[in-house]
Amino acid sequence: MTIQPVRLFGDPILRARAAEVTEFDRELRQLVEDLTDTMYDDGGVGMAAPQIGVGLRVFVYDTGDAQGHVVNPVYTVEGDEEQVGPEGCLSIPGVRYDVRRALRVRVSGVDMKGKPVEFDATDLLSRCVQHENDHLDGVLFIDRLDPADRKEAMRTIRESDWFTAGITVRASRGAGEAAKPSPFGRGR
């Protein structure tokens, strides 16, 4: 188990577009393992590589109904139905808002061995895919808020202990601490 420190709002890697993965080697397999372990340690349902300081297009997920990882993901919106639901982010602790997302998406990419991955996602999995894919493009969920909510979210961030202390990397909780609720509303 290798739990990595989580990058917090203010770290430049969270605003940069991640690079395509071109080498499917032991380092990539270790990255997927580190992402998964860190996601579980923090009680999340998804985590993207930039959140642990790696600028590659990889994310992991576990919504309870579906789990896995996608390398070089691409998604297309299926239909015009939308969902509005709570989101937070392991990289923006203490901030949670309803976000409008597509209800259904079709995801494609490859796995850590370079084999094709393709699946349809709805509801929470769709929300997770869109949220994590945003991370790979340097977009945070607060960027998707209406102006009033975004202003309030930014005020909450500026007033948070971690932000006022200038902390941009948060160490893992460590063994023995209670799991936090998931940023998507599902606890671990």
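Here is a chat between a trainee and a mentor about the predicted model above.

Trainee: Before we start, what sort of model is this, and how are residues numbered?

Mentor: This is a predicted model, where local features need pLDDT of at least 70, side-chain atom pairs count only at pLDDT 80 or more, and totals for chains, interfaces and linings use all residues. Side-chain values use heavy atoms, with hydrogens and water left out, and residues are numbered from 1 along each chain as its sequence is written.

Trainee: Okay, how many helices and strands does the chain have?

Mentor: Helices (H or I, at least four residues) and strands (E, at least two) are DSSP runs, numbered from the N terminus. Read from that end, the elements go β-α-β-β-β-β-β-β-β-α-α-α-β. The tally is four helices and nine strands.

Trainee: What radius of gyration does the chain have, and what would a compact globule have?

Mentor: The radius is taken over C-alpha atoms, and the globule rule is 2.2 Å times the number of residues to the power 0.38. The C-alpha trace spans about 45 × 40 × 30 Å along its principal axes. For 188 residues the rule gives a value near 16 Å, and the chain agrees with it, at 16 Å.

Trainee: What share of the residues is buried?

Mentor: Buried means under 20% relative accessible area, exposed means over 50%, and partly exposed is in between (1.4 Å probe, protein chains only). Out of 188 residues, the buried share is 47%.

Trainee: And among contacts between residues at least 6 apart in sequence, what percentage joins residues at least 24 apart?

Mentor: A contact means heavy atoms within 4.5 Å. With that cut-off, the share joining residues at least 24 apart is 68%.

Trainee: Let's zoom in on H1. What span does this helix reach?

Mentor: Helix H1 covers residues 26–41, which is 16 residues. The expected span is 1.5 Å times one less than the number of residues. From first C-alpha to last, H1 comes close to the expected 22 Å, reaching 22 Å.

Trainee: Which strands help cover the buried residues of H1?

Mentor: The buried residues of H1 include Leu28, Leu31, Val32 and Leu35. Their cover includes strands E1 (6–7), E2 (46–48), E3 (58–62) and E4.

Trainee: Is leucine 28 buried or exposed, and which residues does it touch?

Mentor: Leucine 28 lies in helix H1, and its relative accessible area is 4%, so it is buried. Its C-alpha is 9.0 Å from that of valine 58, which is 30 residues away in sequence. Not counting residues up to four places away, leucine 28 touches Val21, Glu23, Val58, Val71 and Met112.

Trainee: Now H2. How many of its residues are buried?

Mentor: Helix H2 runs over residues 123–136 and reaches 20 Å from its first C-alpha to its last, close to the 20 Å expected. The helix is mostly covered, and its buried residues include Leu125, Ser126, Val129 and Leu136. Out of 14 residues, the buried ones number twelve.

Trainee: What is the relative accessibility of serine 126, and what does it touch?

Mentor: Serine 126 is in helix H2, and it counts as buried because its relative accessibility is 0%. Leaving out residues up to four places away in sequence, serine 126 touches Gln83, Ala102, Leu103, Arg104, Val105 and Ala121.

Trainee: Which residue of H2 has a positive phi, though it isn't a glycine?

Mentor: Look in helix H2 for a residue that is partly exposed, at 44% relative accessible area. Its phi is near 50°. Just after H2, glycine 138 also takes a positive phi, of about 80°, but the non-glycine residue in H2 is aspartate 123.

Trainee: Asparagine 72 has a positive phi too; what is its value, and where is the residue found?

Mentor: Asparagine 72 is found in strand E4 (residues 67–77). This residue counts as buried, because its relative accessibility is 15%. Its phi is positive although it is not a glycine, at about 50°.

Trainee: Last one: which residues is serine 108 in contact with?

Mentor: Serine 108 lies in strand E7 (residues 104–110) and is partly exposed, with a relative accessible area of 28%. Its C-alpha is separated by 6.3 Å from that of tyrosine 75, 33 residues apart along the chain. Leaving aside neighbours within four places in sequence, the contacts of serine 108 are Val70, Asn72, Pro73, Val74, Val117 and Glu118.
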